[in-house]
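Trainee: Got a minute to go through this one with me? I'd like to start with the interface and then look at the sheets.

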There are 2 protein chains.
Amino acid sequence: MDYGAMTPAEVRRLIRKGEITSQTSGMCRGYAQANLVTIPRENAYDFLLFAQRNPKPCPILEVSDTGSRKLHQIAEDVDIAKDFPKYRVYKKGELAGEYTDVSELWRDDFVSFLIGCSFSFESDLLAADVPVRQIEEGCNVPMYRTSIPCVPAGIFKGNMVVSMRPIPHELVPKAVLITGQMPRVHGAPVHIGTPEAIGINDLQHPDYGDMVTIKDGEVPVFWPCGVTPQNVIMESKPEFVITHAPGHMLITDVKNVNLKY
Amino acid sequence: MDYGAMTPAEVRRLIRKGEITSQTSGMCRGYAQANLVTIPRENAYDFLLFAQRNPKPCPILEVSDTGSRKLHQIAEDVDIAKDFPKYRVYKKGELAGEYTDVSELWRDDFVSFLIGCSFSFESDLLAADVPVRQIEEGCNVPMYRTSIPCVPAGIFKGNMVVSMRPIPHELVPKAVLITGQMPRVHGAPVHIGTPEAIGINDLQHPDYGDMVTIKDGEVPVFWPCGVTPQNVIMESKPEFVITHAPGHMLITDVKNVNLKY
């Protein structure tokens, strides 16, 4: 099956039936994918405020109604509890299990946050001949904890996590302009070069993901990363959280190009 | 006193002492001004969600911590209860009074929303030789209720209110591009020409503000308007709301140019 050429609705249906449980990278080319944070209503105001105050690491594409497993803005015909190929459940900040369907765990007080993902701008970088190393090397993007504080909100506080892509020095301005057009999927870099200036002391050993090759003449460029909100949530140890499993995302009906406007 | 050339901190200090109680239009040239909605925490989640779902009419610049009269992001040294020249208090959707200081009314459960204002993009339009008619004619911008539904959130629902500026037809694309650079102060127009297509049946009689002259060769251009959130809040009749009085805004430390990035 060529999942890359299928429509988002077709792929979501296969995921819902349990026929796809793999990572979603490369599926439904041209459409945005979304990260998930589902938390009880009790913590939802603080999290929504955290996102409002930190839109670069935490760009929210849609927030569900309380208790609802449906969406209305970024996709039609969605079941939030079934349409991600894999979920993680955390209790008081500890991983409590992985599931391919969380409908049995659903509660009337759950609120779901759908968060933008840098997959969307990576396809624009590639289209404009800016290399994306972790795609070339077939691994995860390297991610680092930084010393850049997020603006706290209620129970949520912590530093920003960034993703790193090595960019040939002559293409750095182009990479800034391309990604700056898409603030709803993290937007422009937060830092260029000099990793130690943002508290990254060992570039060769990322805190999450895999290291990639940095070639001569390339600059490490750092973008705000969607691991930030999950990381901040885990640190604050709320009673119960459901997230997507890394790389196992919701495929939305939103075309990447429409994230620019 | 030339308030236009003073710093935001200087003008806020005069307003706090009660020495300025007038409209703030034209004060502290180059700096953004903000609208106010202060509501009890009980309604704040629904309102924050409404803003997240309707960022064009309701672009939030900052949300206070619950109970706090301070701000941290858009201005230092602020007293939310004193630094607007005039406030309005609404009880169950009815205007209950105007005040120049609301510190005596303050409660520990109040949350304040500071909302972007189109003053910021009007200075860019003027700088680029795009006329802004209500400034030329020394009156308020005309505003209209439309048939464009906002996305509802909790207790808040209603249609969008728009402001109208007549633009010479050859300058319409330029006006779209200039204002589109500033989504945090309403951004690009929501509609161009054909007022009846968005439910405006009598262009000569705006629902708020004043009518302005539309000259031959000019097109009515409609922008999402900051009256939308106030209007939606009033319709839902929450127990207690404080807003700024129209035109009597907070002068922030944010330069208009920085609203583009």
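Mentor: We'll take the contact between the chains, then the strands.

Trainee: Ground rules before that?

Mentor: This is a predicted model, where local features need pLDDT of at least 70, side-chain atom pairs count only at pLDDT 80 or more, and totals for chains, interfaces and linings use all residues. Residues are numbered from 1 along each chain as its sequence is written, chains are lettered from A and ligands numbered from 1 in the order in which they are written, and side-chain values use heavy atoms, with hydrogens and water left out.

Trainee: OK. How many residues of chain A are in contact with chain B?

Mentor: 17 residues of chain A touch 17 residues of chain B. Contact here means heavy atoms within 4.5 Å.

Trainee: And what area is buried between chain A and chain B?

Mentor: About 1,500 Å², with carbon and sulfur atoms giving 50% of that. Buried area is the accessible area (1.4 Å probe) that two parts lose on being put together, summed over both.

Trainee: Which three residues supply the most of what chain A buries?

Mentor: A:Tyr45, A:Gln52 and A:Arg53. They supply 41% of the area that chain A buries against chain B, more than any other three residues.

Trainee: How many salt bridges between chain A and chain B?

Mentor: Two. The term needs a side-chain nitrogen of Lys or Arg within 4 Å of a carboxyl oxygen of Asp or Glu. B:Arg53 and A:Asp65 meet in a salt bridge, at 3.0 Å from N to O.

Trainee: What about polar contacts?

Mentor: Six residue pairs between chain A and chain B are in polar contact, both residues at pLDDT 80 or more. That takes a pair of N or O atoms within 3.5 Å; within protein, one must be able to donate a hydrogen and the other to accept it, and residues adjacent in sequence count only if both atoms are side-chain atoms.

Trainee: Which elements of chain A supply that side?

Mentor: Helix H2 (41-53) and strand E2 (60-63) of chain A each supply at least two residues of the side that touches chain B. H2(A) gives the most, with seven residues. Helices (H or I, at least four residues) and strands (E, at least two) are DSSP runs, numbered from the N terminus.

Trainee: Now symmetry. What turn lays chain A on chain B?

Mentor: A turn of 180°, with a shift of 0.0 Å along the axis and an RMSD of 0.0 Å. The two copies are thus related as by a two-fold rotation axis. The superposition is by least squares on the C-alpha atoms of residues with pLDDT of at least 70 in both.

Trainee: Which C-alpha of chain A is nearest the axis?

Mentor: That of A:Tyr45, 2.7 Å from the axis. Also, 100% of the interface residues of chain A are interface residues in chain B too, so the copies meet through the same surface.

Trainee: Switching topic. How many salt bridges over all chains?

Mentor: The whole structure has 31. One joins the side chains of A:Asp79 and A:Arg69, at 2.8 Å from N to O. Both residues lie in the loop between E2 and strand E3 (87-91) of chain A, so the pair ties together parts that are ten residues apart in sequence.

Trainee: On to sheets. What is the strand order in the open sheet of chain B?

Mentor: E6-E7-E9-E8, four strands with antiparallel pairing. Two strands pair if DSSP finds at least two bridges between them. Strand E6 (143-149) and strand E8 (191-192) of chain B each have a single partner strand, so one side of each is left without a neighbour in the sheet.

Trainee: How many bridges join E6(B) to E7 of chain B?

Mentor: Four, and the strands run antiparallel; E7 covers residues 159-168. B:Tyr144 has B:Val162 as its bridge partner in E7(B).

Trainee: And what do E3(B) and E4(B) form?

Mentor: A hairpin, with two residues between them. B:Lys92 in the turn has a positive phi of about 45°. Five bridges link these antiparallel strands, and B:Tyr90 is partnered by B:Leu95 in E4(B).
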